[in-house]
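Let's take a walk through a protein model, starting with some rings and working outwards. Have the picture open while you read.

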Amino acid sequence: MKTLTSDQLGAFFQEARDSGVYELYYLDLATGLRRGELLGLKWTDIDLDRGVLKIQRAISRQNGKVVEAPLKTKNAYRTLPLSADAISVLKMQKCKVGNSEWVFPSPSGGPMSPDSVLHMLQRVLKRAGLPRIRFHDLRHPYVKHTTKIFSLRLMDFQAQAYPDARRKTRGACQLHRGGQSQSPVRPLCNRKQFS
């Protein structure tokens, strides 16, 4: 497994923003969702007022077609809390996609192909001058990089991408999976603690 350093993540996010796919990869890092789960999100699965996200389906390629598929296990059906920053990013995504039922639709309006997400990932990495990694490696920082450096870097980039996000969410950048015992993640820390 290869992971990106905090500095590399900053470069990755900058290029993702320039390429128009920042929201997709930010939400992946903020939630640790699998690729199919991320692409299977519909707006009906998200309650922005309560700040929660339900995982109810996955998108996969079967017999050459992009299809909705059930999740692999009963425990895969879950509800995750969203940080205030993730809610801001989702609101921006909602403005981008308009009336689409899918959070991350394909150009034709249906669910995005898992293959396109991999191709986009490799394009963003190449343009940013970063090493090739798998999608699974990209989501690994959700668990691995919950350190001071990663959390501060993510908050700094979030403040650059959406200038009013820091004001609205000061100290509220907490990425954690409530009640998930398999991959516990501690809340990210407030910047003031490390000043």
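## Rings on the inside

Phe-13 and Tyr-26 are both buried. Keep in mind that this is a predicted model, so everything here describes a prediction.

How buried is Phe-13? Its relative accessible area is 2%, and since anything under 20% counts as buried, Phe-13 clearly makes the cut. Tyr-22 is buried as well, at 1% relative accessibility.

What kind of pair do the rings of Phe-13 and Tyr-26 make? Their planes sit at 50 degrees with the centres 6.2 Å apart, so this pair is tilted. The two residues come from separate helices: Phe-13 belongs to α1 (residues 6-18), while Tyr-26 belongs to α2 (residues 22-31). That is why the pair ties together parts that are 13 residues apart in sequence.

In total, the model has six aromatic pairs. Another of them joins Phe-13 to Tyr-22, and that one is edge-to-face. Here are the two pairs next to each other:

| Pair | Centre to centre | Angle between planes | Type |
|---|---|---|---|
| Phe-13 and Tyr-22 | 5.5 Å | 70 degrees | edge-to-face |
| Phe-13 and Tyr-26 | 6.2 Å | 50 degrees | tilted |

Zoom out a little and you'll find one aromatic cluster made of Phe-12, Phe-13, Tyr-22, Tyr-25, Tyr-26 and Phe-135. Elsewhere, a ring has a charged visitor: Lys-42 lies over the face of Trp-102, 4.8 Å from the ring centre.

## The nonpolar core

Two members of that cluster turn up again here. Which residues touch the most other members of the largest nonpolar core? They are Phe-12 and Tyr-25, out of 45 residues in that core. Several elements give two or more residues to it, namely α1, α2, α3 (35-39), β2 (52-55), β3 (58-62), α4 (84-97), α5 (114-127) and α6 (135-139). The biggest giver is α2, with seven residues.

Let's follow Phe-12 for a moment. Setting aside neighbours within four places in sequence, Phe-12 is in contact with Leu-4, Tyr-25, Leu-121, Val-124, Leu-125, Leu-130 and Leu-138.

## Strands and a hairpin

Now for the strands. An open sheet is built from three of them in the order β1-β2-β5, with antiparallel pairing. Its edges are β1 (46-47) and β5 (78-81), each of which pairs on one side only. Between β1 and β2 there are two bridges, and Asp-47 has Val-52 in β2 as its bridge partner.

How many bridges join β3 to β4? There are five, and these strands run antiparallel, with β4 covering residues 65-69. Across this pairing, Ile-59 stands opposite Glu-68 in β4. The β3 and β4 hairpin has two residues between its strands, and Asn-63 takes a positive phi near 55 degrees there.

## The whole chain

Stepping back, you can count nine helices and five strands. Along the sequence they follow the pattern α-α-α-β-β-β-β-β-α-α-α-α-α-α.

How much of the chain counts as buried? The figure is 50% of its 195 residues. Among contacts with a separation of 6 or more, 66% are between residues 24 or more positions apart. As for the outside, the chain exposes about 10300 Å², and carbon and sulfur atoms supply 49% of that.

Terms used:
Residues are numbered from 1 along each chain as its sequence is written. This is a predicted model: local features need pLDDT of at least 70, side-chain atom pairs count only at pLDDT 80 or more; totals for chains, interfaces and linings use all residues. Side-chain values use heavy atoms; hydrogens and water are left out. Rings of Phe, Tyr and Trp (its six-membered ring) pair if their centres lie within 6.5 Å; planes under 30 degrees apart count as stacked, over 60 as edge-to-face and the rest as tilted. Buried means under 20% relative accessible area, exposed over 50%, partly exposed in between (1.4 Å probe, protein chains only). Helices (H or I, at least four residues) and strands (E, at least two) are DSSP runs, numbered from the N terminus. A charge sits over a ring if NZ of Lys or CZ of Arg is within 6 Å of the ring centre and within 35 degrees of the ring normal. A nonpolar core is a set of buried Ala, Val, Leu, Ile, Met, Phe, Trp, Tyr and Cys residues joined through side-chain atoms within 4.5 Å. Contact means heavy atoms within 4.5 Å. Two strands pair if DSSP finds at least two bridges between them. Accessible areas come from the Shrake-Rupley method with a 1.4 Å probe; for residues, only the protein chains shown count as cover.
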